[in-house]
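Work through the exercises below with the sequence and the coordinates at hand. Each task is followed by a solution in steps.

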Amino acid sequence: MNPKVAGRQARLLAMLQRNDEIRVGRERDCPLSLAQLQSLGEGHPAVIALHDGGLSAQVFHLKVEGHHWCLKRRRAVSRVANPDGQTAFLTELERRREIEALRELHPTLLPNVVCTSFGSARAGILLSPWLRGEPVRTLCERNLAQMLAAEAELARWGWFDWDPSPGNLLDDGQQISLFDFGYTWPFDPRFEFNSNGLCDPEFHVVERLETRTLSGLWLDEVNPLAQFACWRRLTLAWAEQELARLSREGACAPVLARLEGLAGEWRTALSGEEALAANWLKDMYRSHRLDVLDDLGGKSCGPLTLRRLDWLEHALRHLYEELAEGAQLGGMSQSQLLEELARWREQARAWQLSPAPA
Ligand SMILES: Nc1ncnc2c1ncn2[C@@H]1O[C@H](COP(=O)(O)OP(=O)(O)OP(=O)(O)O)[C@@H](O)[C@H]1O
Ligand SMILES: [Mg+2]
C-alpha cells in the first residue's frame, strides 16, 4: 500500500484506540451543555430533525433561542467497514481545526465552507451553524461552477476532498456549501497530485466531482451531453488557471505535466460533437467503475451502485470498440470485463446497506 496512506491510517487508528482528544472552538459557545449535546435524542425540544442516513455520524438539526445549529454526533461504530471509514470523524475534526486556523489568519477565505463552533473527539460531537439548502439533486451551470470553485479552493489551500458526493454538497438555490470533511486529507498541490502523493495521477478535483456526484446525477438526465459540454468549459478554465498559478508558485514537473495533459484532453473534447462524446464515454466509464469499486471497498452499496453497474454493462456490450480506443481497459477482453462486472454485481447485491439503526 502507498506508505503515505498507510502512515496516515495507522496514526489515526492509534489515536482512536488511545481515545486522543482533538478540540476545535470553545465549549462555552455551545447552545446546550456538552452532556446534553452528547445524550439528546429525537424527542428533545431543541431537535427539529434527525438525519440518520450518514455513515459515520448522526446529524441533528437543532433550534435553540432562535438560532439553528447542526450537531454531528459520532456513531459508536462507523457503518463503513474500512480504516478510513472508522477514522472519518477524527479526520473531520483535524480538517475543521486546520480550516479554522487558516480563517483566523485570513477571515475571508473559504466563504462557502461551514464554520465550526465547537468540536471534540472525546465527546464525539461537532457543532456548526445550520446551513440552508438541500443535497444537490439537479445540475445547472450555476451549481456546476460553484461546486468546482469550492472544491478547487479547498485543494488550493492544500486539502484534497475525496468525497464530494451529492449529500456533501448543500445547495440553497443560490450557493453550494461544503461541510463534510471525513474523507479530506492534506497535500501540497505544488508537489503532489492529491493526498496520496505522486502515486495516483488519475484522482483530481474534477475527477472526484465527476465520480462522486456528476456521473450519478447524469444517469437521470435526458440530455446529459449539453451539461457535460458546459462542465468541460468550466474544467478547462480551471486547468488553465491552475497551470498558470502553479507554474508561478514553482510546482514540480509531474504536477504541471499532468495539468497540461488534462487541459489538452478537455480542449480536444470541446473541439466538436464527436470528440465530446468520446470524452464523455471515457470519463463516465472511469467514474462509474471507480465509484462502484469504492462502494465495494467500503461494503457500502446502494441502488445507485447497481445502476452504475447497468451503465457499465451497457457500455461494454454496445460500445466496446470505442472504449478500447480510449485505451483504458487494462488489456482485458470484452468477455473478461463482463465477467468481472457480473462478480461485482453479485457483491453489490450482497452488500446493499440496510437503513440506519434507530
Ligand atoms: N452544517 C450543516 N447544515 C445543514 N445541513 C447539514 C450540515 N451538516 C450536515 N448536514 C446535513 O446532514 C447530512 C449528513 O451530514 P454529513 O455528511 O456531515 O454526515 P456523514 O455522517 O459524514 O454522512 P456520510 O457518511 O453519508 O457522508 C448532510 O447530507 C446534510 O444534509
Ligand atoms: Mg456526508
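**Exercise 1: the shell around ligand 1**

Strand S3 (57-64) and strand S4 (67-74) each contribute at least two residues to the shell around ligand 1; strands (E, at least two residues) and helices (H or I, at least four) are DSSP runs, numbered from the N terminus. The model is predicted: local features need pLDDT of at least 70 and side-chain atom pairs count only at pLDDT 80 or more, while totals for chains, interfaces and linings use all residues. Residues are numbered from 1 along each chain as its sequence is written, chains are lettered from A and ligands numbered from 1 in the order in which they are written, and side-chain values use heavy atoms, with hydrogens and water left out.

Task: describe the residues of the shell around ligand 1 and the polar contacts of the ligand.

Step 1. There are 17 residues around ligand 1 (a heavy atom within 4 Å of it). Lys72, Leu131, Gly167, Asn168 and Asp180 come nearest.

Step 2. By class, the shell holds 11 nonpolar, four polar and two charged residues. Ala, Val, Leu, Ile, Met, Phe, Trp, Tyr, Cys and Pro count as nonpolar, Asp, Glu, Lys and Arg as charged, and the others, Gly among them, as polar.

Step 3. For polar contacts, look for pairs of N or O atoms within 3.5 Å. A polar side-chain atom of lysine 72 is 2.7 Å from an oxygen atom of ligand 1. On the backbone, a polar atom of leucine 131 lies 2.8 Å from a nitrogen atom of the ligand, and an N or O atom of proline 129 lies 3.2 Å from a nitrogen atom of ligand 1.

**Exercise 2: the magnesium ion**

Task: which protein donors does the magnesium ion (ligand 2) have, and where are they in the chain?

Step 1. Donors are N, O and S atoms within 2.8 Å of the metal (3.2 Å for Na, K and Ca); water is not among the atoms, so sites may look incomplete. Asn168 (OD1) and Asp180 (OD) qualify, lying 2.1 Å from the ion.

Step 2. Asparagine 168 is in the loop between strand S8 (159-161) and strand S9 (169-171), and aspartate 180 is in the loop between strand S10 (176-178) and strand S11 (184-186), 12 residues apart.

Step 3. Both asparagine 168 and aspartate 180 are buried (under 20% relative accessible area; exposed is over 50%, partly exposed in between; 1.4 Å probe, protein chains only).

**Exercise 3: a positive phi**

Task: where is asparagine 19, and is asparagine 19 buried or partly exposed?

Step 1. Asparagine 19 is not a glycine, yet has a positive phi of about 60°.

Step 2. Asparagine 19 sits in the loop between helix H1 (3-18) and strand S1 (23-25). With a relative accessible area of 40%, asparagine 19 is partly exposed.

Methods. A polar contact is a pair of N or O atoms within 3.5 Å; within protein, one must be able to donate a hydrogen and the other to accept it, and residues adjacent in sequence count only if both atoms are side-chain atoms.
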